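This report describes selected local features of a protein model. The sequence and structure are shown first, and the description follows.

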Number of protein chains: 2
Amino acid sequence: MVLVVILTMSEVEVAGYRGRLAEVLRRENVEVGDEVEVILPDGRRFAGRLMAKYENSPPDFISLKIRSGYNVGVHLPEGSRVIKLREGTAPAFRRPPPPVQDPSLPHVTIISTGGTIASRIDYGTGAVKPALSSEDLVSLIPEITDVAHINAEILFSIFSEDMTPEMWDTIAAKVNGLIKNGVDGVVITHGTDTMHYTAAALSFVLQNPPVPVVLVGAQRSSDRPSSDAATNLIAAVSIGARAPFGEVVLSMHEGHGDDLIVVHRGTRVKKMHTSSRDAFRSVNSAPLAYYRGGELILVERGLNPRGSDRYSFYPGFSDEAVLIKFFPPMKPDILEHYASKGVRGIIIEGTGLGHVSSSWIPTLRRIIRDGIFVGMTSQCVYGRVNMNVYSNGRRLLSIGVTPLDDMISEVALVKLMWVLRRASELDEVKGLMIRRIAGEMNDRSLPTRVSWIGD
Amino acid sequence: MVLVVILTMSEVEVAGYRGRLAEVLRRENVEVGDEVEVILPDGRRFAGRLMAKYENSPPDFISLKIRSGYNVGVHLPEGSRVIKLREGTAPAFRRPPPPVQDPSLPHVTIISTGGTIASRIDYGTGAVKPALSSEDLVSLIPEITDVAHINAEILFSIFSEDMTPEMWDTIAAKVNGLIKNGVDGVVITHGTDTMHYTAAALSFVLQNPPVPVVLVGAQRSSDRPSSDAATNLIAAVSIGARAPFGEVVLSMHEGHGDDLIVVHRGTRVKKMHTSSRDAFRSVNSAPLAYYRGGELILVERGLNPRGSDRYSFYPGFSDEAVLIKFFPPMKPDILEHYASKGVRGIIIEGTGLGHVSSSWIPTLRRIIRDGIFVGMTSQCVYGRVNMNVYSNGRRLLSIGVTPLDDMISEVALVKLMWVLRRASELDEVKGLMIRRIAGEMNDRSLPTRVSWIGD
């Protein structure tokens, strides 16, 4: 099932100017999106495109998008004037002629699912909305046709917080079809909010693919001077076209400069900053590779090689799994709530080495006896759960809670959704959850190769 | 109300050896805790104290605590022998004579609440249990009496995942009493799992205290060679005795060496690693200070000075607040579940800049209209929520979801528990939640001083 969600912004309260300022704007017949000049009582002038009011801006400020692309707030005291310079047009977007493509280059398909990398400012609300098609991106960033013959298509146009397991399956089926048709690489543009969840999902479905499957997003939209959209997309296409591995990876900006890109394993990556361009981090694992200026530096040995014949396609996710972040003094009734809703598996993001309040033990014991899988990860983010150290942890083990080693909580949830479609008995679920399937955990008997914050 | 919880481990299944190995041990009349020698068929010998079976160790391995203090697993093939060298005794703990204390030094009280810093291996289960009293610590670490005249008492002996808001209040009342009696500093030993939650709680209750209130723990128990218990406690006492500020802080090991200590603001710190000694990190804020070898280096200016007369005591927490970590495709019925349980405030740990699935909007709108506070933080951990950027975020703002800037999720939860005891109307709750009370958030109009992973 393909779900295409087009978000609309119709609430008038969002545009938001009220009172005196609204009157000034009405008098001059100015609307959001128009180019205006503001003249203050002291003679100073500001020109720009009128933006909608920011939710938290003071009542006598208006927002202008100035030439540089930045939005500024201008204080309009009594006696200020606003002059309309030009009627608001939909932001002029002249698509350059499509570049001539070279069919002898590796064939890469860009699948667009939405997000900042494919978004522009919505001049109705001042907010960013998914708008650009992948073909627009090809026209805007012709460099990508230097390294690959590009096909592009829009699969969804959604914010990634609206992503669902059905959509993961739709993306995976699309990629599987492309692989069967002999594509040389796949790039998936994605909103960054939940890109790491999707990366994990695709890693379990598309095992040992013969070509790179590269998820990529942007933290800054393409109309901002600091946008990382072009750099990230060029790198992703280049990796898709030429990387020597067949792996599901997430590739994004790294560090303080503008040109370094890091390639994370799809099951080992988490968004760790709300706004920084280098927001994605490999957790409990080194990145697989770095990319700069056309060059790929492999960090990880033993990757699945490009062209590998070990490829398997295992689609399907259950929606009967949930993630619970424990906090003191959280009550265990949440477990009963989920059990009553038919949930078959729960990931608990516990404290420290993998703990919850000892008041949870009776309820946990009961729901595990009833056949519900309960796996433990840590809200510390970094490190490995170890429930042998403290007697509370050992009690959790003794009633059947499964420690999930150094798996990221979000990845453990996605894996559980995938496992529950393949196993019905609790023992089977447990067996698959503690088996390394797509690089999502390190066996504790192996020497650990852990990089974490501060290293 | 003082709650003293003594955890007991009586389940025989925890000791855990079964089958052939259990028979060998029974035959030799060996019990957990005994000193034994193991002789393998090939003649190799290992000596140590018999530990209980690790939950996940293979069935023919036994665990020995060897002389160095480490636990090793030894494979016992058929034909191996186990000889009892010495009957197990409770680990010999001879308390040294209490050091002679100098009453002219600053008076510091150590309040023990449990955790690794006050724990030893339980030889019945091989697990770590809270056992040492603060007075034991004084005897074991006489260095602390060089910088302070120490009083010590046990308030609780619990694992910190069992901490409750009532216990936060008990600790705060205890500290308030000590402050009223003229103490020069307070040190609170605490399990590390939820020490940051307690640090936040005390920060809201004990505002601008005239003396340092220092939370401290250990990541490695004091019978391990790599234990950080002594170093951390010595530093905490020294900071309590002599630091020039009156603040609630959390002070722990830092970096790769053995002697650097970092002092975090109580509302700006999070446990970020399950087992590393430098597990605690200041988030969205620089640490307040560093400490090494008796020297304190202040990083932050403008701290509340020692002796300040601005001290206020605001005890009390509500248990009508919860924290929800969103995941795709989490259903909004969880909100209704909590509303039906009488919850008055919810912190949502959203994705990215502060988002949830757009399918949550109708339910969120309804519960907010019913007077439930909903605040937004980010599961990215680092960075600031900003719900003005994307139209999904603006819709959440328009229905009354409150963005909580750069507050840590756990701190936002604790603050909400505290606010709900002081405000009944939604507007009041909202007003207090967005007001900076104990350094828990940075006003976005101020230049931000943010250090995060990778800096």
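In which loop of chain A is A:S68 found? The model is a predicted one, and in it A:S68 lies in the loop between β3 (61-65) and β4 (71-75) of chain A. A:S68 counts as exposed because it has 10 C-beta neighbours inside 10 Å, and the cut-off for exposure is 12 or fewer. Its C-alpha atom is separated by 9.7 Å from that of A:G48, 20 residues apart along the chain.

**Backbone features in loops**

Two residues of chain A other than glycine have a positive phi, A:N208 and A:N284. The table sets out their values and places.

| Residue | Phi | Loop in chain A | C-beta atoms within 10 Å | Class |
|---|---|---|---|---|
| A:N208 | near 50° | between β11 (206-207) and β12 (213-216) | 16 | partly exposed |
| A:N284 | about 60° | between β16 (280-282) and β17 (289-292) | 24 | buried |

A residue is buried if 20 or more other C-beta atoms lie within 10 Å of its own; A:N284, with 24 such neighbours, therefore counts as buried.

Cis peptide bonds are also present. In chain A, the bond from A:P328 to A:P329 is cis, with omega near 0°, and A:P329 belongs to the loop between β20 (321-325) and α8 (333-340) of chain A. In chain B, B:P328 and B:P329 are joined by a cis peptide bond with omega of about 0°; B:P329 is placed in the loop between β20 (321-325) and α8 (333-340) of chain B.

**Hairpin in chain B**

Strands β17 (residues 289-292) and β18 (residues 295-298) of chain B run antiparallel and are joined by four bridges. Within this pairing, B:Y290 stands opposite B:I297 in β18(B). The two strands form a hairpin with two residues between them, and B:G293 in the turn has a positive phi of about 50°.

**Helices of chain B**

Helices α5 (residues 165-180) and α6 (residues 195-205) of chain B pack at an angle of about 55°, their axes lying 10 Å apart. They are therefore oblique to each other, and their crossing is right-handed. B:W168, B:I171 and B:A172 of α5(B) make the contact with B:T198, B:A201, B:L202 and B:V205 of α6(B). By class, this contact has six nonpolar residues, one polar residue and no charged residues.

Helix α11 (residues 409-419) of chain B is largely enclosed by the rest of the structure, because 11 of its 11 residues are buried. Among them are B:E410, B:K415 and B:W418.

Key
Residues are numbered from 1 along each chain as its sequence is written. Chains are lettered from A and ligands numbered from 1 in the order in which they are written. This is a predicted model: local features need pLDDT of at least 70, side-chain atom pairs count only at pLDDT 80 or more; totals for chains, interfaces and linings use all residues. Axes are lines fitted to C-alpha atoms, for helices over the stretch in contact, and angles run from 0 to 180 degrees between N-to-C directions. Angles under 35 degrees count as roughly parallel, over 145 as roughly antiparallel, 65 to 115 as roughly perpendicular and the rest as oblique. A crossing is left-handed if the near helix is turned anticlockwise from the far one by less than a right angle, and right-handed if clockwise. Two residues are in contact if their C-beta atoms, placed from the backbone, lie within 7 Å. Ala, Val, Leu, Ile, Met, Phe, Trp, Tyr, Cys and Pro count as nonpolar, Asp, Glu, Lys and Arg as charged, and the others, Gly among them, as polar. Two strands pair if DSSP finds at least two bridges between them.
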